[in-house]
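Ready for a few exercises? Have the model open beside you, try each task by eye, and then walk through the worked solution.

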Amino acid sequence: MPRMDFAKNAPDVYRALVLFHRTAKAGVDQTIAELVMIRASQLNHCAFCINMHTVDARKAGETEARIYLLNAWEEAGDLYTEKERAALALTEKITRLSDGFVPDDVYELAAKHFDEPELAQLIALIVSINSLNRISVSTRKLPDVR
């Protein structure tokens with residue numbers, strides 16, 4: 001299976017993307033950021049990012065149950081807050097833009113829980129993790145599971 005070191009082969013693009021990601025993440029609550037990054041990575045089948053962000057979430061105090069049940073967050077009752085659920089719903093719709101737009105009800109729910117600057121940061125974070133997922137999956141980046 002062919003692999004590529006994207007950072008080595010497109011260093012300027014990689015640095016710009018990492019800066020974009022870091023800047024977007026800085027404006028989002030850490031718990032929500034980790035949940036969003038894990039969920040987008042699950043949807044994109046990005047083993048590298050799933051591993052990295054579950055490790056980061058644990059270090060930040062996230063519980064095992066919430067990490068394990070994230071792929072079934074809609075069926076997990078009140079395990080996730082309403083604000084987290086709004087962020088996860090938005091993550092899923094932005095990650096899967098097969099209809100070409102985010103449905104109004106999903107956007108309105110997110111807008112109810114996030115003010116406009118927070119929502120802008122959240123959208124930027126979702127876009128950036130999706131970009132990183134797609135690069136990692138395309139170049140077949142393996143998780144660091146030592």
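**Exercise 1. Find which residues Leu122 touches, leaving out those up to four places away in sequence, and work out its surroundings.**

Step 1. Beyond that sequence window, Leu122 is in contact (heavy atoms within 4.5 Å) with Val28, Ile32, Val36, Ala87, Leu90 and Phe114.

Step 2. Before going on, a word on the ground rules: this is a predicted model, so local features need pLDDT of at least 70 and side-chain atom pairs count only at pLDDT 80 or more, while totals for chains, interfaces and linings use all residues. Numbering starts from 1 along each chain as its sequence is written, and side-chain values use heavy atoms, with hydrogens and water left out.

Step 3. Place Leu122 in its element: it sits in helix α8. Helices here are DSSP runs of H or I with at least four residues, strands are runs of E with at least two, and both are numbered from the N terminus.

Step 4. Check the exposure. Leu122 has 0% relative accessibility and counts as buried. The cut-offs are under 20% relative accessible area for buried, over 50% for exposed, and partly exposed in between, using a 1.4 Å probe and protein chains only.

Step 5. For a distance check, take Tyr14: it is 108 residues from Leu122 along the chain, and their C-alpha atoms are 21 Å apart.

**Exercise 2. Decide which residues of α2 are buried, and where they sit around the helix.**

Step 1. Start with the span: the 16 residues of α2 reach 22 Å from first C-alpha to last, close to the expected 22 Å at 1.5 Å a residue. The expected span is 1.5 Å times one less than the number of residues.

Step 2. Pick out the buried residues, which are Leu17, His21 and Ala24. Viewed down the axis of α2, the buried residues fall within an arc of 70 degrees, so they line one face of the helix. The arc is taken from the directions that run from the helix axis to the C-beta atoms.

Step 3. Recall the geometry behind this: an α-helix has 3.6 residues a turn, so residues three or four places apart point the same way.

Step 4. Now turn to the face away from the buried side of α2, where the exposed residues are Asp12, Arg15, Leu19, Arg22 and Ala26.

Step 5. Name the partners: the buried residues of α2 pack against α3 (30-43) and α8.

**Exercise 3. Establish how many residues of α3 and α6 are buried.**

Step 1. Count in α3: twelve of its 14 residues are buried, so α3 is largely enclosed by the rest of the structure. Among them are Glu34, Arg39 and Gln42.

Step 2. List the neighbours. The buried residues of α3 pack against α2, α4, α5 (64-68), α6 (82-95) and α8.

Step 3. Repeat for α6, which is mostly covered, with ten of 14 residues buried. The buried residues of α6 include Glu84, Thr91 and Glu92, and they pack against α3, α5, α7 (104-113) and α8.

Step 4. Add a loop residue. Leu70 is in the loop between α5 and α6 and is buried, with a relative accessible area of 0%. Leu70 touches Leu35, Ile38, Arg39, Gln42, Tyr80 and Leu88, apart from residues up to four places away in sequence.

**Exercise 4. Look at the backbone of His45 and Arg140 and find the sign of phi in each.**

Step 1. Keep the general rule in mind: most residues other than glycine have a negative phi.

Step 2. His45 has a positive phi of about 60 degrees although it is not a glycine. His45 lies in the loop between α3 and α4 and, at 67% relative accessibility, counts as exposed.

Step 3. Arg140 also has a positive phi, near 60 degrees. Arg140 belongs to the segment after α8 and is partly exposed at 36% relative accessibility.

**Exercise 5. Describe the largest pocket and its lining.**

Step 1. The largest pocket holds about 430 Å³ of space. A pocket is an open set of points on a 1 Å grid over the protein atoms alone, where a 1.4 Å probe fits, with protein on both sides within 12 Å along at least five of seven lines; lining residues have an atom within 4 Å of a point.

Step 2. Of the 20 lining residues, Tyr14, Phe48, Met52, Leu132 and Lys141 are the closest to the centre of the largest pocket.

Step 3. Helices α1 (6-9), α2 (11-26), α4 (47-59) and α8 (116-138) each supply at least two residues of this lining.

Note on methods
Points joined across faces, edges and corners; volume = space filled by probe spheres on them. Nonpolar A, V, L, I, M, F, W, Y, C, P; charged D, E, K, R; others polar.
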